Amino acid sequence: MLTKRIIPCLDIKNGRTVKGVNFVNLIDAGDPVVLAKQYAELGADELVFLDISATLEGRKTMLEMVLKVAEQVNIPFTVGGGISSVEDVDALLKCGADKISINSSAVKRPDLVNELSNKFGSQCVVVAIDAKQINGEWIVHLAGGTIATELNLFDWASEVEKRGAGEILFTSMNNDGTKAGFANEALAKLSTELNIPIIASGGAGSIQHFTDTFTLGKADAALAASVFHFGEIPISTLKEALKEQNIPVRI
Amino acid sequence: MKLVIIDYGAGNIKSIQFAFKRLGIDAVLSNKVDEIKAADKVIFPGVGEASSAMKMLQESGLDKVIPTLKQPVLGICLGMQLMCNSSEEGNTKGLGIFDVAIKKFSNSVKVPQMGWNVISDLKSDLFSGIKDKEFMYLVHSFYAEKCDETIATTDYEIEYASALQKDNFYGVQFHPEKSGIEGQKILENFLNL
């Protein structure tokens with residue numbers, strides 16, 4: 001049986017992890033390669049690296065980091081942040097990234113999704129969608145939730161699926177950072193309406209939240225950052241608990 | 001040990017090269033017929049769309065060469081699918097090494113299957129030391145039906161062949177290079193065949 005995936009997300013700036021990470025006694029918790037290896041050993045199913053560098057140099061450093069991660073880590077990983085062209089993706093995949101995620105560049109130019117899936121295959125194209133529920137309607141936002149678009153979450157998700165996205169990473173801006181649980185109602189609707197995997201993101205605070213997002217939210221994978229980085233929820237404990245709830249996980 | 005990874009332009013082969021590097025083997029990337037023929041072991045990778053990958057093989061003449069190889073050959077993911085008779089993806093012919101057709105998952109499940117699933121009914125030295133129902137990482141929308149050459153099965157919508165073997169030819173649908181320590185063990189087993 002295909003298992004539900006647990007995905008730690010690491011924010012990267014100029015080749016270093018940004019948010020504090022303190023879940024084990026690491027010599028260098030700012031080194032994404034060290035962290036990635038550690039997470040792979042602790043049972044993470046996949047990893048996501050989000051590049052938040054704003055400079056060209058930062059982007060180059062990111063490529064070097066991707067190469068090092070690919071050299072040393074034996075589980076799949078996705079790279080996102082600042083990707084806006086076929087050339088960007090080509091460079092990342094050549095360095096060994098398994099998947100890439102695009103967000104605002106897809107909203108600005110939806111054909112990019114078609115171009116990437118035609119050239120590299122749907123399996124490596126993740127479309128990340130940040131959305132906020134306003135007066136009952138889920139509106140797609142850009143730039144970390146600061147800029148509203150005119151797109152409805154479900155319409156946009158369905159459109160990128162048709163254009164060739166292989167997976168959707170949905171972050172609820174209402175839930176992100178709250179540690180009060182994932183946006184399960186919207187997730188369940190996405191998962192039912194679409195026929196590609198959905199990754200839940202935003203709101204993880206407890207083990208129950210993960211259980212809920214896999215049952216109520218029908219998510220295929222769950223992504224989180226701080227609960228893993230600060231050791232609040234060890235991945236092994238989480239997976240044991242999910243297994244007890246009859247949720248299929250890889251242990 | 002001379003290991004060649006066939007480089008015919010289909011998909012990301014860096015990960016496979018790195019996986020062997022972790023095992024202490026410097027794999028050579030090549031599309032040269034002589035170099036491939038002279039290798040001790042050959043990896044036939046592939047990510048992407050079947051009919052265009054098949055076209056690339058035909059353009060380089062490798063479609064004629066691969067089925068004649070005598071050393072152990074391991075097809076991974078699309079590589080395994082191309083070693084079969086045909087694929088519904090782009091309605092293409094395959095290399096015809098494995099006597100089975102590649103079909104598409106229906107819409108009753110999410111497509112692609114993406115993530116960790118188990119392999120069962122293991123029947124090859126390729127899986128020495130690997131326990132039944134071990135987890136492997138898979139990403140695919142098309143699958144090989146169960147057949148006489150099946151050496152592992154996986155369940156997703158139906159029970160299908162997640163690994164095949166005929167003589168010196170091996171194929172795995174999953175990505176051993178991305179399947180943690182156990183995946184690495186399978187690559188090591190291949191080197192020891």
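Which elements of chain A and chain B cover the buried residues of H2(A)?

**Figure 1. Surroundings of helix H2 of chain A in a predicted model.** The cover of the buried residues of H2(A) includes strand E1 (5-13), helix H1 (32-42), strand E3 (47-51), strand E4 (77-80) and helix H3 (86-94) of chain A, together with H1 of chain B. Helices (H or I, at least four residues) and strands (E, at least two) are DSSP runs, numbered from the N terminus. Residues are numbered from 1 along each chain as its sequence is written, and chains are lettered from A in the order in which they are written. In this predicted model, local features need pLDDT (the predictor's confidence in each residue, from 0 to 100) of at least 70, side-chain atom pairs count only at pLDDT 80 or more, and totals for chains, interfaces and linings use all residues.

**Figure 2. Buried and exposed residues of H2(A).** Met62(A), Met65(A), Val66(A), Val69(A) and Ala70(A) are buried (20 or more other C-beta atoms, placed from the backbone, within 10 Å of the residue's own). Because these buried residues fall within an arc of 130 degrees seen down the helix axis, they line one face of H2(A); the arc is that of the directions from the axis to the C-beta atoms. On the other side, Leu56(A), Glu57(A) and Glu64(A) are exposed (12 or fewer such atoms).

**Figure 3. The side of chain B that touches chain A.** In chain B, 27 residues are in contact (C-beta atoms, placed from the backbone, within 7 Å) with 27 residues of chain A. Helix H1 (14-22), strand E8 (113-119), strand E9 (134-140), strand E11 (150-156) and helix H6 (180-191) of chain B each supply at least two residues of this side. The model scores ipTM 0.93 and pTM 0.95.

Key:
Two residues are in contact if their C-beta atoms, placed from the backbone, lie within 7 Å.
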